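The following paragraphs lead through a single protein chain, from its overall make-up to individual residues. The reader is invited to keep the sequence and the model in view throughout.

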Amino acid sequence: MGVITAVTAGESLELRQYKTVWTNLRLPAYKLISEIQRERLSSAQLLRNVADESTVAAQRTRTDAARDSFTQLSSTSKDRSEEIRTQVDAVYTQLDRLDSVRGEIDAGLSDRLHSVEAYNAIVDSLYGLHRKVALIDDIPIYEQSRVVIDMGYARELLSREQAIGLGPVNAAERRLFTQIAGNRRFLIDQGLAELDPALRDPRSPSSALPPTSGCG
């Protein structure tokens, strides 16, 4: 009986720890990714003169709210391990660059490709965090979690394609677009082959992927 109690207590502690990581790190990170994706697209539209400044300003306000929420919540869980602390600090470093990215756009000092890649770096740091906190002892669950994260990143790559492919593109933008599209197709093909059948079934609630910008 004592052994069963100990195992149950251990499983309960592990579940609480997972919920804490989800609530304080992964969920606010996903929400922040979604807002950055929207801001990246609206910024690209502004640079193409197909969006006005008020639209961009409104999106920046939403991004700032998500950034503040992530910073507040992650600060309570960033010290769970050295790896997580290092990655959260890397996210903070990228987020600190956000205002300068915006300033360059507003001053006309940044072209679309440079701006998109600056936003990409922020999102990459957030996905780096997802991969760090997905490390758990249950190997099958970890493997499926890794694949779901990769599939979410494939949707992030689609969002990048939307921002880059808006209107006429130059040679550098075309090269990056082609590279991103190839990486996205690889991740999707690989992920679908590795996902459990229940996760591949779009009718299954468990198949839901992390939120994206809703841009397509």
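Of the 216 residues of the protein chain, 42% count as buried. The model is a predicted one, and the descriptions below should be read accordingly. Its accessible surface comes to about 11,400 Å², and carbon and sulfur atoms account for 56% of that area. The secondary structure consists of eight helices and zero strands, so that from the N terminus on the order of elements reads α-α-α-α-α-α-α-α. Among contacts with a separation of 6 or more, 74% link residues 24 or more positions apart.

The interior may be considered next. The largest nonpolar core has 41 residues, and those that touch the most other members are Ile36, Phe70, Leu126 and Leu129. At least two residues of this core come from each of α1 (2–47), α2, α3, α4 (98–106), α5, α6 and α7 (171–194). Leu126 illustrates the contacts made by one of these residues: leaving aside residues up to four places away in sequence, Leu126 touches Ala29, Leu32, Ile33, Ile36, Phe70 and Val91. Two of the residues just named as touching the most other members, Ile36 and Phe70, are thus also contacts of Leu126.

Phe70 leads on to the aromatic rings. How many aromatic pairs does the count come to? The count comes to three aromatic pairs. In one of them, the ring centres of Phe70 and Tyr92 are 6.3 Å apart, which falls within the 6.5 Å required for a pair. The planes of these two rings stand at 75 degrees, and because an angle over 60 degrees counts as edge-to-face, the pair is assigned to that class. Phe70 belongs to helix α2 (residues 53–74) and Tyr92 to helix α3 (residues 82–96), so the pair ties together parts that are 22 residues apart in sequence. Phe70 and Tyr92 are both buried.

Another aromatic pair, formed by Tyr127 and Tyr153, is likewise edge-to-face, with 5.1 Å from centre to centre and 75 degrees between the planes. Because Tyr127 lies in helix α5 (residues 112–133) and Tyr153 in helix α6 (residues 139–164), this pair ties together parts that are 26 residues apart in sequence. Tyr127 has a relative accessibility of 0% and therefore counts as buried. Tyr153 is buried as well, with a relative accessible area of 14%, a value under the 20% that sets the limit for burial. The ring of Tyr153 has a further partner, as Arg131 lies over its face at 5.2 Å from the ring centre.

Helix α6 also contains Ala154. Ala154 is buried, its relative accessible area being 1%. Which residues does Ala154 touch, not counting those up to four places away in sequence? They are Arg184, Leu187 and Ile188. For Ala154 and Arg184, which are 30 residues apart along the chain, the separation of the C-alpha atoms is 4.9 Å.

A polar residue offers another view of the interior. Gln59 has its place in helix α2, and at 4% relative accessibility this residue counts as buried. Beyond residues up to four places away in sequence, Gln59 touches Glu35, Arg38, Glu39 and Ser42. The side chain of Gln59 also makes a polar contact of 3.0 Å with the side chain of Arg62. Between Gln59 and Arg40, 19 residues apart in sequence, the C-alpha to C-alpha distance is 9.5 Å.

Two loop residues complete the tour. Is Asn49, in the loop between α1 and α2, buried or exposed? Asn49 is exposed, because its relative accessible area of 69% lies over the 50% cut-off. Although Asn49 is not a glycine, its phi is positive, at about 60 degrees. Ser77 is found in the loop between α2 and α3, and with a relative accessible area of 3% Ser77 is buried. Setting aside residues up to four places away in sequence, Ser77 touches Thr20, Asn24, Leu25 and Ile84. The two loops therefore provide one exposed residue, Asn49, and one buried residue, Ser77.

Terms used:
Residues numbered from 1 in each chain as written. Predicted model: local features only at pLDDT ≥ 70, side-chain atom pairs only at ≥ 80, totals over all residues. Heavy atoms only, no water. Phe/Tyr/Trp six-rings, centres within 6.5 Å; stacked < 30°, edge-to-face > 60°. Helix = DSSP H or I, 4+ residues; strand = E, 2+ residues; numbered from the N terminus. Buried < 20%, exposed > 50% of the residue type's maximum accessible area, 1.4 Å probe, protein only. Lys NZ or Arg CZ within 6 Å of the ring centre and 35° of its normal. Core = buried A, V, L, I, M, F, W, Y, C linked by side-chain atoms within 4.5 Å. Contact = heavy atoms within 4.5 Å. Polar contact = N/O pair within 3.5 Å; in protein donor to acceptor, adjacent residues only side chain to side chain. Areas by Shrake-Rupley, 256 points an atom, 1.4 Å probe, with all protein chains shown as cover.
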